[in-house]
Amino acid sequence: MRQYKLLLVLTLTVLTLNPAMSALTMTVTSDMVFSGEAATLTCSVSADNGETLNAKQWQDQSGDVIGSGPGESEKNGVQYTITDLGVSGNEIVNWELVSASVTSDSQLTCFVLPDEGPPKIDSGRVEVVALTPVNNVTTSGDSSSVSCILTGISGSDVQVEWSQDGSPLSEGSHVESKDFTETDKVAVLTVPDITSDQTYTCTFTGEAGGSVSSTVKIDHVTITAGGASGVDTGTRVTLSCVLEGADSAPIETNWFRSDGSAITGRESGFSPYTSATFKEGLGSQTDSLIIESVNKSENFTCCFVFKEGDCVEGVAELDVIVVEDEEGDGQEGDGQEGGGEGDVGGFGDDLDNDIGDGLGGETGSESNDDIDEDADQGDDDGTDEGDDDDKDLGSSGDNNTDDGADEDDLGNGASNYWGKSVWMWASSFAFILVTSRI
């Protein structure tokens, strides 16, 4: 019994030390694809000591043999194609396995059995992934970020590369960042100073093979804001923002006050509205804000929101002229009174003639009648003073005949109020003068 044990140990030792038993090297690649695409795996086997194989085959996830040589086959509802790629150097196997129209993850195994020693086995994975590009919209001079989100691949052995027009991006022209978790792989590209539309490509490559790519775009747009300048308080104004050059329609528009608060709905005094519906291909849209009664200068921000969540802004400036409340009525009154005084002063130069006109005109006639009556009374008293005064006054009235025209000029040139006032004053003064002389 002891001899059998010793023989077994010696046999195992010899098998372990025999180079032919450990000289095979196998490499199997994996692949990541979008759902519905074909997955491609390769199996390469090298024999450093010239070993030969008794068997070689591909097996599916269930362990069923897909094929033992080049050709097409179907297994468990999946169509496969095996291709011999040809060997070089120490290679004894170099196969390619294509699995058509993959819709779910799977594991495929490459199996070889050498002439001597145990079989060599290795597996590759087919992972069905999704890659979501996140575009961006921006205006001239702004920096903008786009991203690609890879889902459906396990592990973190994934590399990402950014390119444009088939060439890797040059250093210093952008900033790359990434956030990889067990389920999501997020790659972000930030580009400064955008002045035109830009398209980039993100490519994710698995460490064991396979890659997926997607394009992302920075959509360069312009926003022209229409404000209002030099408007008075209480004025009704319309502010506007015109979006041009957009590849897709914004999903909504918003207006904000200068303090950042949003103007929602048709709140009191504000009426935001879209005057034209965005149409794909036209690339323009106008959004307006009506302010029923402005009371101060303020900047209002319009925001066009796109499906990616980006808010592209424009600022409409409102410049309001605020009139301070002053005691202007009193000043205006003084001005009117000053004008009135000027009118009175204008008549002051001819005041004596005006009085004379009064004596020579209707008022003068009435005064003469009164004087005649007084004179008669004076005659009855036996005095001649009334006659003399009557003559003097009569001659005075004759001498002022031309001043009657001045009376007409006074009435036409002055306002009704001041004309009547001056005339009444002059008439009263003439009557008092005549009476005092009598």
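## Exercises on a predicted model

Glu292 has a relative accessibility of 34% and therefore counts as partly exposed. This value, like the others below, comes from a predicted model.

**Exercise 1. Find the partner of Glu292 in a salt bridge, and say where the two residues lie.**

Step 1. The partner is Arg236, and the closest N and O atoms of the pair are 3.0 Å apart.

Step 2. The cut-off for a salt bridge is 4 Å between a side-chain nitrogen of Lys or Arg and a carboxyl oxygen of Asp or Glu, so a distance under that value is accepted.

Step 3. The pair of Glu292 and Arg236 links distant parts of the chain: Glu292 is in the loop between strand 25 and strand 26, and Arg236 is in the loop between strand 20 and strand 21, 56 residues apart.

Step 4. Arg236, at 52% relative accessibility, counts as exposed, whereas Glu292, at 34%, is partly exposed.

**Exercise 2. Work out which residues form one network through salt bridges that share partners.**

Step 1. By the rule used here, the count of salt bridges is three. One of them joins Glu292 and Arg236.

Step 2. Another salt bridge joins Asp197 and Lys217, with 3.8 Å between the closest N and O atoms. Asp197 sits in the loop between strand 16 (184–191) and strand 17, while Lys217 belongs to strand 18, so this pair ties together parts that are 20 residues apart in sequence.

Step 3. Lys217 also meets the side chain of Asp247 in a salt bridge, at 2.5 Å from N to O. Here Lys217 in strand 18 is linked to Asp247 in the loop between strand 21 and strand 22 (252–256), 30 residues apart.

Step 4. Turn to accessibility. Asp197 has a relative accessible area of 36%, Lys217 is at 27% and Asp247 is at 40%. The limits for partly exposed are 20% and 50%, so these values all fall in that class.

Step 5. Glu292 and Arg236 form their own salt bridge, 56 residues apart in sequence. The network consists of Asp197, Lys217 and Asp247, joined by salt bridges that share partners.

**Exercise 3. State which strands stand at the edges of the open sheet that has five strands.**

Step 1. The order of the strands is 11-18-17-13-14, with mixed pairing.

Step 2. Strand 11 (136–138) and strand 14 (167–168) are the edge strands; each has a single partner strand, so one side of each lacks a neighbour in the sheet.

Step 3. Inside the order, strand 17 (residues 198–206) pairs with strand 18 (residues 211–220) in the antiparallel sense, over eight bridges. Tyr200 has Val216 in strand 18 as its bridge partner.

**Exercise 4. Identify the residues with the most contacts inside the largest nonpolar core, and the strands that supply at least two residues each.**

Step 1. The largest nonpolar core has 24 residues, and Trp255, Ile291, Phe300 and Leu318 have the most contacts inside it.

Step 2. At least two residues of this core come from each of strand 20 (228–232), strand 21 (237–244), strand 25 (284–291), strand 26 (298–305) and strand 27 (311–321).

Step 3. Take Phe300. Leaving aside residues up to four places away in sequence, the residues Phe300 touches include Leu239, Trp255, Phe270, Ile291 and Leu318.

Step 4. Another core, of 22 residues, lies apart from the largest one; among its members are Val28, Ala39, Ile82 and Val128.

**Exercise 5. Decide whether Ser30 is buried or exposed, and give the backbone atom its side chain reaches.**

Step 1. Ser30 is in the loop between strand 1 (24–28) and strand 2 (31–34).

Step 2. The relative accessibility of Ser30 is 15%, so Ser30 counts as buried.

Step 3. The side chain of Ser30 reaches the backbone nitrogen of Arg125 at 2.9 Å.

Step 4. Beyond four places away in sequence, Ser30 touches residues including Thr40, Gly124, Arg125 and Gly209.

**Exercise 6. For Asn76 and Ser101, give the sign of phi and the place of each residue.**

Step 1. Asn76 is not a glycine, yet its phi is positive, about 55°. Ser101 likewise has a positive phi, near 50°.

Step 2. Asn76 is in the loop between strand 6 (71–75) and strand 7 (78–84). Ser101 is in the loop between strand 8 (91–99) and strand 9 (106–114).

Step 3. Asn76 is exposed, at 53% relative accessible area, and Ser101 is partly exposed, at 47%.

Methods
Residues are numbered from 1 along each chain as its sequence is written. This is a predicted model: local features need pLDDT of at least 70, side-chain atom pairs count only at pLDDT 80 or more; totals for chains, interfaces and linings use all residues. Side-chain values use heavy atoms; hydrogens and water are left out. Helices (H or I, at least four residues) and strands (E, at least two) are DSSP runs, numbered from the N terminus. Buried means under 20% relative accessible area, exposed over 50%, partly exposed in between (1.4 Å probe, protein chains only). A polar contact is a pair of N or O atoms within 3.5 Å; within protein, one must be able to donate a hydrogen and the other to accept it, and residues adjacent in sequence count only if both atoms are side-chain atoms. Contact means heavy atoms within 4.5 Å. Two strands pair if DSSP finds at least two bridges between them. A nonpolar core is a set of buried Ala, Val, Leu, Ile, Met, Phe, Trp, Tyr and Cys residues joined through side-chain atoms within 4.5 Å.
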